[in-house]
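I opened a fresh notebook page for this one. My plan is to go through it topic by topic and jot down what I find.

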Amino acid sequence: MSGFCSIILAAGKGTRMKSKVPKVLHPICGRPMIEYMLDITRSLRSLKTYIVTGYGAAKVKAAVRADGVEFVLQPQLRGTADAVRRVEPRLKGFRGTVLILCGDTPLLSRDIVRALLAKHHQAKAAVTVLTAIIDHPQGYGRIIRDDTGSFLAIREQKDINDQETQIKEINVGVYCFEAPRLFEALKKVRLNARKKEFYLTDVVELLLAAGHPVDTFTTQDVQAGFGVNDRRDLAQAEAIIRRRILQEHMRNGVTIINPDTTYIEANVKIGSDTVIHPCTVIHSDVRIGSGCLIGPFARIRPGSRIADKVEIGNFTEISRTSIGSDVFMKHFSFLGDARVGAKANIGAGVVTANFDGVAKNKTTIGPGALIGSDAIMVAPVTIGSRAVVGAGAVVTKHTRVPAGAVVRGVPAKIFKE
Ligand code: UD1
Ligand code: MG
């Protein structure tokens, strides 16, 4: 595939979201929506990706990993054509293909975009528009064709007549353009009188009128073009992506007893033969080994690393914590900012008090240590290997329990060396 650059349109306010957060930063399964679009441009090796920002530009810039990405400000939200025009100075002299994506279609897949690019190059078109046929086309731009099926125009919802509302073929909002043709035609786009915006969709018609080859690529994937415009759409996209994530883990050999009540965010790795019981929440940036039992009712938060054959039982929370192999933590516990060695046993109700009101502090529990029920460790605390902390003990700040020692009481004192 020859080289291409990408533009992601993300300046819109997302009015219908009724939010102070820019639309493209709303998380879906733990990742900002726009990251799903960046997955596509990254994995297809876009030469350069320009994100057009406007509403909340600084927030978008701060939230997005910026390798190979440039931000372009659209000072006023004057429509999708105006947004693309802002990128023109950055693409001076570029004569290849420009892929344009919207920042709010997180269900779009890389394979579809790859197929779109392939068709575009094969047909040598000036523009190729990605279309989809869907049951509820309300709100989307419609694809207008003549009697022979040839493409004529894209008509926005606000501008269509009664007959055109029946059209089920929609504009997904993804296009491949030849750069020189795109920027030539953009100059000719007129303000849409009704919406007071410059429509990118008008460029396609203008190219056709100028005698350039215009092509379409229709995907059979009805979800591909799903645009997130309000909170209901957001929940729908979340449910679909969550399903995809769970299916991927199951394909990799993880048992998920009840997918309907299991929430696993993006960027989680789980080894084979691990069983996830119902009502479990696993956040992004978590690694779990093989042969573990997790849940029911467990919450594993970002930065947690769990080795093999570990049991994390009911009503437990783990945050920024690493746990060695064969550790049991079966009931009502919280571990935050902790390191637990292999074969340690965390009794029912054990808590690390990791926050002192100012900073988060670390707890280290050595291999084979036994932490009794209801013990509290006020971090920073170190429990040596094979040490025993008695039930109900409070191990106070800066205590170091030597290897093999037994401590008990409030505050915990050495009972046996
Ligand atoms: C747009 C398309 C429509 C298509 C739909 C697919 C146009 C005119 N219409 O409509 O044909 O069916 O997407 O989801 O293009 N944006 C900017 N600057 C602006 C305006 C918008 O960057 O001035 C960005 C938004 O942040 C968004 C994208 O462009 O990511 C699309 O804008 P949106 O307002 O959602 O357009 P739709 O009405 O959905
Ligand atoms: Mg939209």
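**Entry 1: the metal site**

A reminder to myself before I start: this is a predicted model.

I began with one residue, Asn229, and asked: is Asn229 buried or exposed? Its relative accessibility is 19%, so I put it down as buried, the limit being under 20%. Next I looked up what Asn229 does with its side chain. Its OD1 coordinates the magnesium ion (ligand 2), and Asp104 (OD) is the other residue I found there, with distances of 2.5 to 2.8 Å.

Where do Asp104 and Asn229 lie? I traced Asp104 to the loop between strand E6 (97-102) and helix H4 (110-123), and Asn229 to the loop between strand E13 (214-219) and helix H7 (231-251). That puts them 125 residues apart in sequence, so the pair ties together distant stretches of the chain. Asp104 is buried too, with a relative accessible area of 13%.

**Entry 2: domains**

I checked how the chain is divided. The domain assignment lists domain 1 (4-219) and domain 2 (251-416). Their centres, taken over C-alpha atoms, are 46 Å apart.

**Entry 3: the open sheet**

I then followed the strands. Eight of them make an open sheet with parallel pairing, and I wrote the order down as E16-E19-E22-E25-E28-E31-E34-E37. Which strands stand at the edges? They are E16 (268-270) and E37 (400-401); each has a single partner strand, so one side of each has no neighbour in the sheet.

I zoomed in on one pairing. Strand E28 (residues 338-340) and strand E31 (residues 363-365) run parallel and are joined by three bridges. Within that pairing, Ala338 faces Thr363 of E31.

**Entry 4: aromatic rings**

How many aromatic pairs are there? I get three when I take ring centres within 6.5 Å as the rule. In one of them, Tyr175 and Phe177, the centres are 5.8 Å apart and the planes meet at 35°, so I call the pair tilted. Both Tyr175 and Phe177 are buried.

Phe297 and Phe315 make a stacked pair, with 5.2 Å from centre to centre and 15° between the planes. This pair connects distant parts of the chain, 18 residues apart: Phe297 is in the loop between strand E20 (293-294) and strand E21 (298-300), and Phe315 is in the loop between strand E23 (311-314) and strand E24 (316-319). Both came out as partly exposed when I looked up accessibility: Phe297 has 41% and Phe315 has 48%. Phe332 joins Phe297 and Phe315 in one aromatic cluster.

I also looked for charges over rings. The charged end of Arg31 sits over the ring of Tyr36, 4.9 Å from the ring centre. Arg408 does likewise over the ring of Phe415, with its charged end 3.7 Å from the centre.

**Entry 5: cysteines**

How many disulfides does the structure hold? Zero. I wanted to know why Cys102 has no bond. The closest cysteine sulfur, in Cys176, is 13 Å from that of Cys102, which is too far for a bond. Cys102 is buried, at 17% relative accessibility.

Cys292 is in no disulfide either, as the nearest cysteine sulfur belongs to Cys279 and is 19 Å away. I have Cys292 down as buried, at 0% relative accessibility.

**Entry 6: backbone oddments**

Last, I went through the backbone angles. The peptide bond from Gly295 to Pro296 is cis, with omega near 5°, and Pro296 belongs to the loop between E20 and E21. I found another cis bond from Val410 to Pro411, where omega is near -10°. Pro411 is in the loop between strand E38 (406-408) and strand E39 (413-416).

Then I noted positive phi values outside glycine. Lys309 has phi near 55° and is in the loop between strand E22 (304-306) and E23. Asp337 has a phi of about 50°, and its place is the loop between strand E27 (334-336) and E28. Are these two buried or partly exposed? Lys309 is partly exposed, with 48% relative accessible area, whereas Asp337 is buried, with 8%.

Terms used. Residues are numbered from 1 along each chain as its sequence is written. Chains are lettered from A and ligands numbered from 1 in the order in which they are written. This is a predicted model: local features need pLDDT of at least 70, side-chain atom pairs count only at pLDDT 80 or more; totals for chains, interfaces and linings use all residues. Side-chain values use heavy atoms; hydrogens and water are left out. Domain bounds come from an automatic or database domain assignment. Donors are N, O and S atoms within 2.8 Å of the metal (3.2 Å for Na, K and Ca); water is not among the atoms, so sites may look incomplete. Helices (H or I, at least four residues) and strands (E, at least two) are DSSP runs, numbered from the N terminus. Buried means under 20% relative accessible area, exposed over 50%, partly exposed in between (1.4 Å probe, protein chains only). Rings of Phe, Tyr and Trp (its six-membered ring) pair if their centres lie within 6.5 Å; planes under 30 degrees apart count as stacked, over 60 as edge-to-face and the rest as tilted. A charge sits over a ring if NZ of Lys or CZ of Arg is within 6 Å of the ring centre and within 35 degrees of the ring normal. Two strands pair if DSSP finds at least two bridges between them. A disulfide is a pair of cysteine sulfur atoms within 2.5 Å.
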